[in-house]
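Trainee: I am new to this structure and would like to understand how each label attached to it is justified. Could we go through the reasoning step by step?

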Amino acid sequence: SIGGRKMKVLIGKDVEEMSKIAADYVMSYMYQEKQRVNLSITGGSTPKRMYELLVPQVKDTNRFDHVHFYNFDEIPYRKEDREGVTISGLREAFFTPAGIPEERIHKLDQFNYQTQDERIEKDGGLDMVILGVGADGHFCGNLPQTTKFGDLTTRVECDRRLKDRILPEFNDVEEDVPDYYITMGPRSIMCARHIIMIASGVKKAEIIKTLMEGIVDENKPATVLTLHPHFTLIMDEEAASLLS
């Protein structure tokens, strides 16, 4: 319990155990007996092992034909001549090896972001969002000093600071870096029925400690998620190392 708010906290011994806990959580949502289940999932390095664990459970079965997937941010290539970084990474890590058909992948990109929240609401809302957290407290594309807690899905213009931040996503090829990116804002993410955050490594220990202290600070965007009624934090022991 944090300041009267409840948060579920699960700590795995290492990345392997943390990833298994996270994979089990995702599967529990996929097994829901609903006409349709909507999940928004994250890219990046932290969930890599989780996806490796999920793939053999999901591929070659029609058991999960009712499950639909959404990306919650996108960094387009400057020339806009191919799919963006986020959806490309999700395809490589999960969608393609798991055999998820295109009709169950609902892309957010620079062309449809203005209708993202409306489309998700029409689809029945997000049942679960699984996301990571940055050492600076960012989640999705909500970096400090970019979005406000009240923002829905939005376009974020990139100054030099932000371009330098996303440059590694393009293998340091400067000419591919765009002038903006797209993200679901804090308000959009808070509309999901359940939010699961995963964190690993000592670099995340300080922000995890901040989250557990329950202080809500717009300069550390992820702190707003502690206000959600169904927020689960899954981490390894290194990320939890500053907790008493």
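Trainee: What makes the contact of Asp179 with Lys163 a salt bridge?

Mentor: Bear in mind that this is a predicted model. The closest N and O atoms of Asp179 and Lys163 are 2.7 Å apart, and because a salt bridge requires a side-chain nitrogen of Lys or Arg within 4 Å of a carboxyl oxygen of Asp or Glu, the pair qualifies. The two residues lie 16 residues apart, with Asp179 in the loop between α5 and β8 and Lys163 in helix α5, and they link distant parts of the chain.

Trainee: Why is Lys163 called buried or exposed, and what about Asp179?

Mentor: Lys163 has a relative accessibility of 14%, and because buried means under 20%, Lys163 is called buried. Asp179 has a relative accessible area of 36%, which falls between the 20% and 50% limits, so Asp179 is called partly exposed.

Trainee: Which salt bridge does Arg160 form with a residue of the loop between α5 and β8?

Mentor: Arg160 forms a salt bridge with Glu174, and their closest N and O atoms are 3.2 Å apart, a value that lies within the 4 Å limit. This pair also links distant parts of the chain, since Arg160 belongs to helix α5 and Glu174 to the loop between α5 and β8, 14 residues apart. Glu174, at 36% relative accessibility, counts as partly exposed.

Trainee: What separates Asp164 and Arg160 along helix α5?

Mentor: Asp164 and Arg160 are four residues apart in helix α5 (residues 160–166), so they are separated by about one helical turn. Their side chains meet in a salt bridge at 2.9 Å, N to O. Asp164 has a relative accessible area of 43% and Arg160 a relative accessibility of 42%, and because partly exposed covers what lies between 20% and 50%, both residues receive that label.

Trainee: How many salt bridges does a search of the whole structure find?

Mentor: The search finds 20 salt bridges. A network of salt bridges links Glu83, Arg91, Glu102 and Lys107.

Trainee: Turning to the strands, how do you know that β9 pairs with β6 and with β10?

Mentor: Four bridges join strand β6 (residues 128–131) to β9, and five bridges join β9 to strand β10 (residues 231–236). Because pairing requires at least two bridges between two strands, β9 pairs with β6 and with β10. As examples, Met128 stands opposite His194 in β9, and Met197 stands opposite Leu233 in β10. From β9 the chain crosses through helix α7 (residues 205–213) to β10, in a β-α-β crossover that is right-handed.

Trainee: What makes β9 a mostly covered strand?

Mentor: Strand β9 (residues 194–199) has six residues, and five of them are buried.

Trainee: Which strands are called edge strands of the sheet, and why?

Mentor: The open sheet has seven strands in the order β1-β10-β9-β6-β2-β3-β5, with parallel pairing. Strands β1 (8–12) and β5 (105–106) are its edge strands, as each pairs on one side only. Strand β1 is joined to β10 by five bridges, and the two run parallel; in β10, Asp236 is the bridge partner of Gly12.

Terms used
Residues numbered from 1 in each chain as written. Predicted model: local features only at pLDDT ≥ 70, side-chain atom pairs only at ≥ 80, totals over all residues. Heavy atoms only, no water. Buried < 20%, exposed > 50% of the residue type's maximum accessible area, 1.4 Å probe, protein only. Right-handed = clockwise from strand over helix to strand, strands pointing away.
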